[in-house]
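These are some notes for a colleague who is meeting this structure for the first time. Please keep the view open while reading the numbered points below.

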Amino acid sequence: MASPPFSSCSVKDAKVLMVGAGGIGCELLKTLALSGFPDIHIIDMDTIEVSNLNRQFLFRQSHVGQSKAKVARDAVLKFRPHINITPYHANVKDPEFNVDFFKQFNVVLNGLDNLDARRHVNRLCLAANVPLVESGTTGFLGQVTVHVKGRTECYECQPKPAPKTYPVCTITSTPSKFVHCVVWAKDLLFAKLFGDKNQENDLNVRSSDGASSSENVEDVFERRKDEDIDQYGRKIFDHVFGYNIELALSNEETWKNRHRPKPIYSKDVLSDELAQQNGNLEKNNVCDDELSVSAMASLGMKNPQDIWSIRENSRIFLEALRLFFTKREKEIGNLGFDKDDQLAVEFVTSAANIRAASFGIPLHSLFEAKGIAGNIVHAVATTNAVIAGLIVIEAIKVLQNDIKNYRMTYCLEHPSRNMLLMPVEPFEPNKSCYVCSETPLSLEINTNRSKLKDFVEKIVKAKLGMNLPLIMCASNLLYEAGDVEDDMIAIYEANLEKVLAELPSPVTGGTMLTVEDMQQEFVCNINIKHREEFDEEKEPDGMVLSGWTQPVSAAENKDKSVGNGASPSDALVTAVESEKNDEITVVSTLKKRKLPEETDISCADAEAKHQKQLEVIDDEDDLVMLDGDLDSFKKRKLS
């Protein structure tokens, strides 16, 4: 797709849009200001949390709870008072940030923390014909990429690793890794005890006999009015760590080739005396801040890097449960796990460890469990600073229209041939990209069974990332989201409930649908292919989309995990030392990128043991997701 050449612009005349004021954003704003950029606009919807302070150095303790964009502006103006910084405490997907808004900038710089927002910004930049400089970090790793319409690939030209997911059956029945135990403790047990009381999950199981189907069977998670909190805690403990494990063991077939778990009951690990002590520590826990209530403090345990014994985990479990019901009772029923909630982290850590002990999985410290539960890849501030510097370097090249020197730069954890920064030339646009090359997609779907709402939710929104879609079949409008006239709302809602073949303009095999997002000014054509049957396990959506940048599957990516349960993000490259041409290349999931000729590096060994893999994750924290049919278990990215 050809596009007109950009006119050169000096730094002192540039107007820049920054999206994200977090780990990368703080360093980027500081570097832009010190590099002479006079007019900077910042969009960020987040407020400052305590956990941000170790790497986002524009913020202080007194700023907790305030807007990141506004505080970052005020901090930088203290040492660069004569520049213009405009903050927006808002979501970049808000309607006010449309194509016309983006057109006013010379370059857009991303420091985002999720795939959805990155795709949205990419499409707005394409529609506005504004260059985009992308970035991401995880620990010591990071990357900066340049995306210019018609000259380089767009952000969506290449596949992105899919978020790490775990099958529900593995989580509930056959855990083999500590992360499985953490997800069980966080997304099932914690949610059941302290979240929505109406949700159903496998933790409700009471018996394998016919009595379990009786309407009068007591819900073990329901606390009776006259029930002592310590008795209730032991009842929960014995049910989830004892009874449920025994029930699982009754299915001999499951354990033929697996390690058999061991039921754990409170009487086996706690004496009556210890149990009573757990209930007599009220005075040690006087605290006005509910998020600072701590079972560790109650029990005199201080070091979060200690690995607790099974007895210590059991005491923490019971004490944390007691504290929730005595100190934070008003919150119960509406609580969700928060990595910054000390008591929640203590409860999840202890529950995960007890379950791990039952299944023969090594125990972990609270520090480690917190990292897994919050999917925290512990940030390295210097990596953020390096990446911010590289963003500014590429932004200056873009402003100068210095196309030949555009570089995608990857920051490595360990030197490869004395290199910690690996620059590679950008790809040209992918001719098969449905976003920047407008190549039609193909969708296999049972048009006699699938409803329009299935298509909208599973394809248009989930896979294509559209926010306000408009769907047309030939010249007939089937659905429109957003600001819709009142008399059309009922028609569109009725259409959503109809199967595709029964719509006013029937959608059958051979039909082409046009899907458009007015906010993104993005149009996509989809060829419909009717298909009768789908594999429920391999194709759970009941439809298969071809031609889009399908994320790398968990199976393909299994050897590339970060190691702490964090979700892989949206850039994946592998540095390979090539024996054939004595050069280092960077291999993406689709093709090879040659290093610039000026990089004088020789290499002698292309053995697999020398291959270095670079996974770049989001700058912020992700959530582990459960993969299965139980929608109530699925956890999405926090906004």
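1. The model is a predicted one, and a search of the whole structure turns up three cavities of 30 Å³ or more. The second largest cavity has a volume of about 50 Å³, and among the 11 residues that line it, those closest to its centre are Lys149, Gly150, Thr152, Pro429 and Cys436.

2. Sorted by class, the lining of this second largest cavity is made up of six nonpolar, three polar and two charged residues.

3. Turning to the strands, a reader may find it useful to trace an open sheet of eight strands, whose order is β3-β2-β1-β4-β5-β6-β8-β9 and whose pairing is mixed. The edge strands, each of which pairs on one side only, are β3 (84-88) and β9 (419-424). On average, and with direction ignored, neighbouring strands of this sheet are turned by 20° against each other.

4. At the β3 end of the order, strand β2 (residues 39-43) runs parallel to β3 and is joined to it by five bridges; within this pairing, Ile40 has Ile85 of β3 as its bridge partner.

5. Two helices deserve a look alongside the sheet. Helix α1 (residues 23-34) packs on the sheet and touches β1 (15-19), β2, β3, β4 (107-110) and β5 (132-138), while its direction makes about 165° with that of β1. Helix α4 (residues 115-128), for its part, lies across β1, β4 and β5, and runs at about 165° to β5.

Terms used. Residues are numbered from 1 along each chain as its sequence is written. This is a predicted model: local features need pLDDT of at least 70, side-chain atom pairs count only at pLDDT 80 or more; totals for chains, interfaces and linings use all residues. Side-chain values use heavy atoms; hydrogens and water are left out. Two strands pair if DSSP finds at least two bridges between them. Helices (H or I, at least four residues) and strands (E, at least two) are DSSP runs, numbered from the N terminus. Axes are lines fitted to C-alpha atoms, for helices over the stretch in contact, and angles run from 0 to 180 degrees between N-to-C directions. Contact means heavy atoms within 4.5 Å. On a 1 Å grid over the protein atoms alone, a cavity is a set of points where a 1.4 Å probe fits but cannot get out, and a pocket is an open set with protein on both sides within 12 Å along at least five of seven lines; lining residues have an atom within 4 Å of a point. Grid points are joined across faces, edges and corners, and a volume is the space filled by probe spheres set on the points. Ala, Val, Leu, Ile, Met, Phe, Trp, Tyr, Cys and Pro count as nonpolar, Asp, Glu, Lys and Arg as charged, and the others, Gly among them, as polar.
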